[in-house]
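The exercises below are meant to be worked through with the sequence and the model side by side. Each task is followed by a solution that proceeds step by step.

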Amino acid sequence: MQRNMERAATDPARLREGPQPESWSPNRDTPPRAEVPLTTALWRGARNRCPVCGEGRVFQGYLRVVPECANCHAPLGTLRADDAPPYFTIFLVGHLLLPPILWIERAYQPAMWIHMVVWLPLIAIITTLLLRPVKGATVGLMSRLGFGAPRD
Ligand SMILES: [Zn+2]
């Protein structure tokens, strides 16, 4: 019995039976597709410029992506960066600040309250300043890779 169940779970003929899951791939045929070098798309997005044309803005407000570029009408709102920008920002801020924090601790051993007064606000400020350009660069990356709204 146990053997039959194992065979059924690994037998390719058995796995093909039944309804097949729909496959999904990014929509690479329709805009917003930045036909520029990857570094250009990243740099434009990081500077709050449309990765497709380089003229319109990516954001309305701090982090909200515009529905479409005001200049070239690329549907930037379909590029959903979701949690990627905070992950990238945490990665960057951690690698920027952890070495000096550890070095100062080893070299001077300041009191813990000094660490808290200095590093916590600095981490918050740098994270806030980096989040927007990182999200813009992520939108540029997604635009360059051809991500967009899934096909209907
Ligand atoms: Zn544009």
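Is Cys-69 buried or exposed, and what is its relative accessible area? Cys-69 is buried, because its relative accessible area is 0%, where buried means under 20% relative accessible area, exposed over 50% and partly exposed in between, computed with a 1.4 Å probe on protein chains only.

Two remarks on conventions apply throughout. The model is a predicted one, in which local features need pLDDT of at least 70 and side-chain atom pairs count only at pLDDT 80 or more, whereas totals for chains, interfaces and linings use all residues. Residues are numbered from 1 along each chain as its sequence is written, and side-chain values use heavy atoms, with hydrogens and water left out.

**Exercise 1. Describe the chain as a whole.**

Step one is to list the elements, which are five helices and two strands, taken as DSSP runs numbered from the N terminus (helices: H or I, at least four residues; strands: E, at least two). Read from the N terminus on, their order is α-α-α-β-β-α-α.

Step two is to turn to burial and contacts. Of the 152 residues in the chain, 27% count as buried. Among contacts (heavy atoms within 4.5 Å) between residues at least 6 apart in sequence, 59% join residues at least 24 apart.

**Exercise 2. Work out the zinc site and the parts of the chain that it joins.**

Begin with the donors, defined as N, O and S atoms within 2.8 Å of the metal (3.2 Å for Na, K and Ca), bearing in mind that water is not among the atoms, so sites may look incomplete. The protein donors of the zinc ion are the SG atoms of Cys-50, Cys-53, Cys-69 and Cys-72, at 2.2 to 2.3 Å from the ion.

Next, consider the geometry: the angles among the four donor atoms are 108 to 111°, and the site is tetrahedral, a label given to four donors if all angles lie between 85 and 135 degrees.

Finally, place the donors in the sequence, where their spacing is C-x2-C-x15-C-x2-C. Cys-53 belongs to the loop between α3 and β1, and Cys-69 to the loop between β2 (64-65) and α4 (84-108), so this pair ties together parts that are 16 residues apart in sequence.

**Exercise 3. Determine how helix α3 is oriented.**

First identify the buried residues of α3, which are Ala-41, Arg-44 and Gly-45. These residues lie on the same side of α3, because they cover an arc of only 95° around the axis, the arc being that of the directions from the helix axis to the C-beta atoms.

Then look at both faces of the helix. The buried residues of α3 pack against α5 (112-145), while the face turned away from the buried side carries the exposed residues Thr-39 and Trp-43.

Last, take Ala-41 as an example, a residue with a relative accessible area of 0%. Leaving out residues up to four places away in sequence, Ala-41 touches Ala-34, Val-36, Pro-51, Gly-140 and Arg-144. The C-alpha atoms of Ala-41 and Val-52 are 7.2 Å apart in space, although the two residues are 11 apart in sequence.

**Exercise 4. Characterise the environment of Asn-48.**

Start with its location: Asn-48 sits in the loop between α3 (38-46) and β1 (59-60). Asn-48 follows α3 and has a positive phi, near 60°.

Continue with burial and partners. Asn-48 counts as buried because its relative accessibility is 9%. A polar atom of the Asn-48 side chain lies 3.0 Å from the backbone nitrogen of Phe-59. Residues up to four places away in sequence aside, Asn-48 touches Gly-56, Arg-57, Val-58, Phe-59 and Arg-132.

**Exercise 5. Find the largest nonpolar core and follow one of its members.**

A nonpolar core is a set of buried Ala, Val, Leu, Ile, Met, Phe, Trp, Tyr and Cys residues joined through side-chain atoms within 4.5 Å. The largest has 12 residues in all, among them Cys-50, Val-58, Phe-59, Cys-69, Leu-76 and Val-139. Following Val-58, and again not counting residues up to four places away in sequence, one finds that its contacts include Asn-48, Cys-50, Val-65, Leu-76 and Val-139.

**Exercise 6. Compare Thr-89 with Ile-123.**

Thr-89, in helix α4, counts as buried at 2% relative accessibility, whereas Ile-123, in helix α5, counts as partly exposed at 30%. Beyond four places in sequence, Thr-89 touches Thr-127, Leu-130, Leu-131 and Val-134, and Ile-123 is in contact with Val-93 and Leu-97.

Conventions:
A polar contact is a pair of N or O atoms within 3.5 Å; within protein, one must be able to donate a hydrogen and the other to accept it, and residues adjacent in sequence count only if both atoms are side-chain atoms. Four donors count as tetrahedral if all angles lie between 85 and 135 degrees; four count as square planar and six as octahedral if opposite donors are over 155 degrees apart and all others between 65 and 115; anything else is irregular.
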